[in-house]
Amino acid sequence: MAAVALSKSVFLGTGVAESTMFKSTSVVPVRGHIVMTSNFEKTNRYADELKQTAAFISAPGKGILASDESNATTGKRLATVGMDNTVENRQAWRELLYSAPGLGNYISGTIMFDETLFQDSRAGVPFVDILKKQGILPGIKVDTGLQPIDGTDGETATQGLDGLAERCQKYYQQGARFAKWRAVLRVDNEVLPSSTAILENAHGLARYAQICQANGLVPIVEPEVTLGEGDYSIERTAYISEKVNSHVFRLLNEYNVILEGILLKPNMILPGLDVPTPAPEEVARYTVRTMLRSVPGAVPGIHFLSGGMSEEEATLNLQALQAFGPTPWSLTFSYGRALQSSTLKTWSGKEENWDAAQERLVALAKANSEAQLGKYKGPHPSPGGERILQALRLGGAGK
Ligand code: 13P
């Protein structure tokens with residue numbers, strides 16, 4: 001296996017020591033020199049850096065903390081523990097997450113919202129510096145939300161291509177090295193998602209990915225077949241997810257996106273909410289089969305979203321995936337709700353709970369890191385637990 005070392009170059013202009021080298025064994029070795037085939041790759045001055053960045057984020061035992069909720073959505077989350085949606089409260093909440101001691105042992109990247117990427121801690125230290133000290137790469141959500149597709153049954157297209165190149169340049173300057181764009185596909189027993197929605201979302205993801213790569217950001221490509229109400233089967237989700245992924249990679253190819261320089265963020269394969277929760281082994285069997293059928297081996301990492309799974313379910317399912325390896329890509333996490341829910345509850349905005357909340361976050365990250373390595377033994381920091389179904393993100397431009 002090729003060892004990928006990422007040195008200071010990806011943390012441009014930061015205080016990360018030269019000796020901070022990160023190794024990944026999850027990347028398929030490429031022997032000898034290969035002539036690049038697309039003009040996009042030949043002329044992309046970031047091509048090597050993109051591949052290094054993606055391999056770094058997908059290193060063994062590492063995953064992503066998704067903390068890119070819009071201000072409106074963060075407000076809804078804060079409200080669940082009785083906090084107001086003020087800039088100060090949002091700042092304190094993100095400071096709690098990013099400064100948690102030891103977080104960088106398990107987390108290689110965090111996705112941020114625009115406000116947060118440019119924010120400082122309450123003591124005036126830029127969040128990007130706090131993260132870089134932890135060895136965590138800053139990432140940025142660049143889509144601007146969902147809009148209905150006319151003539152469909154409430155299906156959505158993701159917005160945000162206008163001005164995207166300029167925004168990517170600004171984010172790169174600020175230290176971001178990867179980006180996220182979330183497409184949402186709804187599934188039911190018979191008709192959803194429509195071919196219109198699949199094509200529209202695949203196109204949006206591909207053009208977004210190309211613009212990111214042209215401007216130095218590794219695109220997280222997120223085609224979320226979202227967990228929803230209904231009694232549709234696990235086979236149905238597997239069938240739809242395979243189709244969606246295949247369309248997405250067809251379009252990524254159309255736009256000459258460099259596959260070694262992206263990360264995929266899909267859903268695990270779960271049945272509708274009216275079906276009893278399947279055992280981790282069943283979820284894993286369908287999930288790995290779906291990925292093998294639809295995701296090229298050149299992609300370094302598949303970072304699953306938690307998508308409403310309980311915190312423990314997300315860890316157990318991640319662990320179960322590893323038993324179906326070895327796979328060409330690493331199978332790891334990019335969790336929002338499954339890392340934040342009990343952390344936020346533990347904190348509840350009270351200074352005296354600060355340390356306990358940070359400890360909870362790190363314990364959850366550690367459990368998922370161990371699960372990524374197939375070494376998780378438990379007990380889980382949040383045993384049992386309900387599905388976390390309140391949406392973290394709202395639709396609408398700029399939300
Ligand atoms: P969840 O893990 O809460 O699904 O969020 C991950 C994410 O970033 C979805 O876009």
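# Ligand site, cavities and backbone quirks

A backbone N or O atom of Gly 336 sits 2.8 Å from an oxygen atom of the ligand. On its own the ligand would expose 300 Å², and the protein buries 100% of that. Keep in mind that this is a predicted model. Besides the ligand site, there are two cavities of 30 Å³ or more, a set of 18 salt bridges, and a few backbone oddities to look at.

**Around the ligand**

- The ligand has 15 residues around it, and the closest are Lys 180, Lys 265, Ser 306, Gly 307 and Arg 337.
- Lys 180 reaches in with its side chain: one of its polar atoms there is 2.5 Å from a ligand oxygen.
- Gly 307 uses its backbone instead, with an N or O atom 2.7 Å from an oxygen atom of the ligand.
- Two strands each put at least two residues into the shell around the ligand: S8 (178–185) and S12 (330–335).
- What is the shell made of, by class? It splits into seven charged, four polar and four nonpolar residues.

**The largest cavity**

- This one holds about 90 Å³ of space.
- Its lining comes to 13 residues, and those nearest the centre are Val 225, Leu 227, Asn 267, Met 268 and Leu 270.
- Sorted by class, the lining of the largest cavity has seven nonpolar residues, five polar ones and one charged one.

**The second largest cavity**

- Here the volume is about 30 Å³.
- If you want to pick out the lining of the second largest cavity on screen, select Leu 185, Ile 198, Asn 201, Ala 202, Pro 223, Val 244, His 247 and Val 248.
- Which helices supply at least two residues each to that lining? They are H8 (195–214) and H9 (234–254).
- No charged residue lines the second largest cavity; its lining has six nonpolar and two polar residues.

**Salt bridges**

- Out of the 18 salt bridges in the structure, here is one to look up: Glu 95 pairs with Arg 122, and their closest N and O atoms are 3.0 Å apart.
- That pair ties together distant parts of the chain, as the two residues are 27 apart.
- Glu 95 belongs to helix H4 (residues 87–98), while Arg 122 is in the loop that runs between helix H5 (114–117) and helix H6 (127–134).

**Backbone quirks**

- Gly 325 and Pro 326 are joined by a cis peptide bond, with omega at about 0°.
- To find Pro 326, go to the loop between helix H11 (311–322) and S12; S12 is also one of the strands that supply residues to the ligand shell.
- There is a cis peptide bond between Gly 378 and Pro 379 too, again with omega of about 0°.
- Pro 379 turns up in the segment after helix H13 (354–372).
- Asn 256 is not a glycine, yet its phi is positive, at about 60°.
- Look for Asn 256 in the loop between H9 and strand S10 (263–264); H9 is also one of the helices that help line the second largest cavity.

How values were computed:
Residues numbered from 1 in each chain as written. Predicted model: local features only at pLDDT ≥ 70, side-chain atom pairs only at ≥ 80, totals over all residues. Heavy atoms only, no water. 1 Å grid on protein atoms, 1.4 Å probe; cavity = no way out; pocket = protein on both sides within 12 Å on 5 of 7 lines; lining within 4 Å. Points joined across faces, edges and corners; volume = space filled by probe spheres on them. Nonpolar A, V, L, I, M, F, W, Y, C, P; charged D, E, K, R; others polar. Helix = DSSP H or I, 4+ residues; strand = E, 2+ residues; numbered from the N terminus. Near = heavy atom within 4 Å. Polar contact = N/O pair within 3.5 Å; in protein donor to acceptor, adjacent residues only side chain to side chain. Areas by Shrake-Rupley, 256 points an atom, 1.4 Å probe, with all protein chains shown as cover. Salt bridge = Lys/Arg side-chain N within 4 Å of Asp/Glu carboxyl O.
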